[in-house]
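Biologist: Before I use this model, I would like the reasoning behind the words applied to it. Please show me what you have.

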Amino acid sequence: MMTLVRSLLFLSVTMAVSLCRAGEPPITAIVFAPGGSSLVASSQAGVAVYRWPELQLQRMIQVSSPNLHDLAFSPGGERLAVAGGTPAENGTVEILSWPDGDALRILDGHFDSAMAIDWMDETRLASAGLDHNVLIWDTTTGEQLLTLKGHSRGVLTIEHLDAPGLIVSAGIDQSLRVWETQTGTLIRNMAIHVQPVGCVALRPSNAGLPMIASASDDATVRFWQPTIGRMVRFARLPSKPRQIRWLHDGSHVAACCDDGKVYLIHPETVQVTAIGQGIDGPAYAIAIAPGGRNVLVGGTNAALIQIELP
């Protein structure tokens, strides 16, 4: 059922633009803005807006949280959600207007840092926290619609599946859990990873059963069919993956890792390919450029690099 990785190919690609500021806090999340002419990155320094592809800093947006962990644009692109908080005290999701960056609402319900967010539609948003909970919100009213309880430790990542009406969460307790989004009922617990799971990502494809990729500190990326609770295969990486994203065509998963490098993983052959030279120090955030020809990676010292895909 599972094919082990037997080869690691190193391809020479062009690093078009790089940016690094020594002594600055690491980049924690990257998202491309609607239209693709700019991108937003978060760090403990705040929310920064850069021109794409020049990576020229355009402005900083002030937010209330001192620690930022995730960013997500609403499906229509008119709002930006920012997740963060204060460890062991509170976790918040701040909703900003876009492109103005004005504060519209603060969703305050976690009692530890909010680590990940996912827009389920134009009004509903899910947030994952170190308080072990996943919360589902009405962003129009600020009402907390559901609390998903079941994880024994902090939740680090979430991803929803539109058609089946499901949400997948994962975190420090090493498990992936699948919930119904309407009732909050836990329907599956998939526990094969042997270290914390830092990221899950849904394959962008309408063909066949939905596929989720998960990245863990056990240095594996695993591929799952969450609607039936089955792991189909896995790849072992040379370094711990921090964040993963599917390429727009669903052909590969891109993973940024502790060694500062980016690896592409084929979901069927589980072949692992290193691309680019990477950054100096761990890479914490990754995003696929709108055209699908470049990967943007963020990490230590506020490093942002653009790597051309093979």
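Modeller: We can begin with a serine. Leaving out residues up to four places away in sequence, Ser-65 touches Gly-84, Gly-85, Thr-92 and Glu-94. Please keep in mind that this is a predicted model.

Biologist: What makes these residues contacts of Ser-65?

Modeller: A contact requires heavy atoms within 4.5 Å. Gly-84, Gly-85, Thr-92 and Glu-94 are in contact with Ser-65 on that basis.

Biologist: Where is Ser-65 found, and is Ser-65 buried or exposed?

Modeller: Ser-65 is in the loop between strand 6 and strand 7. Its relative accessibility is 13%, and buried means under 20%, so Ser-65 counts as buried.

Biologist: Which backbone atoms does the side chain of Ser-65 reach?

Modeller: The side chain of Ser-65 reaches the backbone oxygen of Asn-67 at 2.9 Å and the backbone nitrogen of Gly-85 at 2.7 Å. A polar contact is a pair of N or O atoms within 3.5 Å, where one can donate a hydrogen and the other can accept it. The distances of 2.9 Å and 2.7 Å are within that cut-off.

Biologist: How do you know that strand 7 and strand 8 pair?

Modeller: Pairing requires at least two bridges. Five bridges join strand 7 to strand 8 (residues 79–86), so the two count as paired, and they run antiparallel. One of the partners is Gly-84 in strand 8, which is bridged to Leu-68.

Biologist: What is the strand order of the open sheet of four strands, and why is strand 7 called an edge strand?

Modeller: The order is 7-8-9-10, with antiparallel pairing. Strand 7 (68–73) and strand 10 (103–110) each pair on one side only, and they are the edge strands. From one strand to the next, the twist averages 20°.

Biologist: In general, how do strands of a sheet pair?

Modeller: They do so through backbone hydrogen bonds, either parallel or antiparallel.

Biologist: What joins strand 5 to strand 6?

Modeller: Five bridges join them, and the strands run antiparallel. At least two bridges are needed, so strand 5 and strand 6 are a pair. Arg-51 stands opposite Gln-56 in strand 6. The hairpin of strand 5 and strand 6 has four residues between the strands.

Biologist: What is the phi of Leu-55 in that hairpin?

Modeller: Phi of Leu-55 is near 60°, a positive value in a residue other than glycine. Leu-55 lies in the loop between strand 5 and strand 6. At 5% relative accessibility, against a limit of under 20%, Leu-55 is therefore called buried.

Biologist: Which peptide bond before Pro-53 is cis?

Modeller: The bond from Trp-52 to Pro-53 is cis, with omega near 10°. Pro-53 is also in the loop between strand 5 (46–51) and strand 6 (56–61). The bond from Trp-98 to Pro-99 is cis as well, again with omega near 10°. Pro-99 is in the loop between strand 9 (90–97) and strand 10.

Biologist: Where is Ala-302, and why is Ala-302 called buried?

Modeller: Ala-302 is in the loop between strand 28 (294–299) and strand 29 (304–308). Its relative accessibility is 3%, under the 20% limit, so Ala-302 counts as buried. Ala-302 has a positive phi of about 55° although it is not a glycine.

Biologist: What makes Ala-29 buried?

Modeller: The relative accessible area of Ala-29 is 1%, and the limit is under 20%, so the word applies. Ala-29 is in strand 3 (residues 29–32). Beyond its neighbours within four places in sequence, its contacts include Val-40, Ser-42, His-69, Leu-71 and Ala-285. Ala-29 and Ser-42 are 13 residues apart in sequence, and their C-alpha atoms are 5.3 Å apart.

Biologist: How do you know that the chain is as compact as a globular protein of its length?

Modeller: The chain has zero helices and 29 strands. Its radius of gyration is 18 Å, and the globule rule gives 19 Å for 310 residues; the two are close, so the chain is as compact as a globular protein of that length. The C-alpha trace spans about 50 × 45 × 35 Å along its principal axes, and 55% of the 310 residues count as buried.

Definitions and conventions:
Residues are numbered from 1 along each chain as its sequence is written. This is a predicted model: local features need pLDDT of at least 70, side-chain atom pairs count only at pLDDT 80 or more; totals for chains, interfaces and linings use all residues. Side-chain values use heavy atoms; hydrogens and water are left out. Axes are lines fitted to C-alpha atoms, for helices over the stretch in contact, and angles run from 0 to 180 degrees between N-to-C directions. The radius of gyration is taken over C-alpha atoms; the globule rule is 2.2 Å times the number of residues to the power 0.38. Buried means under 20% relative accessible area, exposed over 50%, partly exposed in between (1.4 Å probe, protein chains only).
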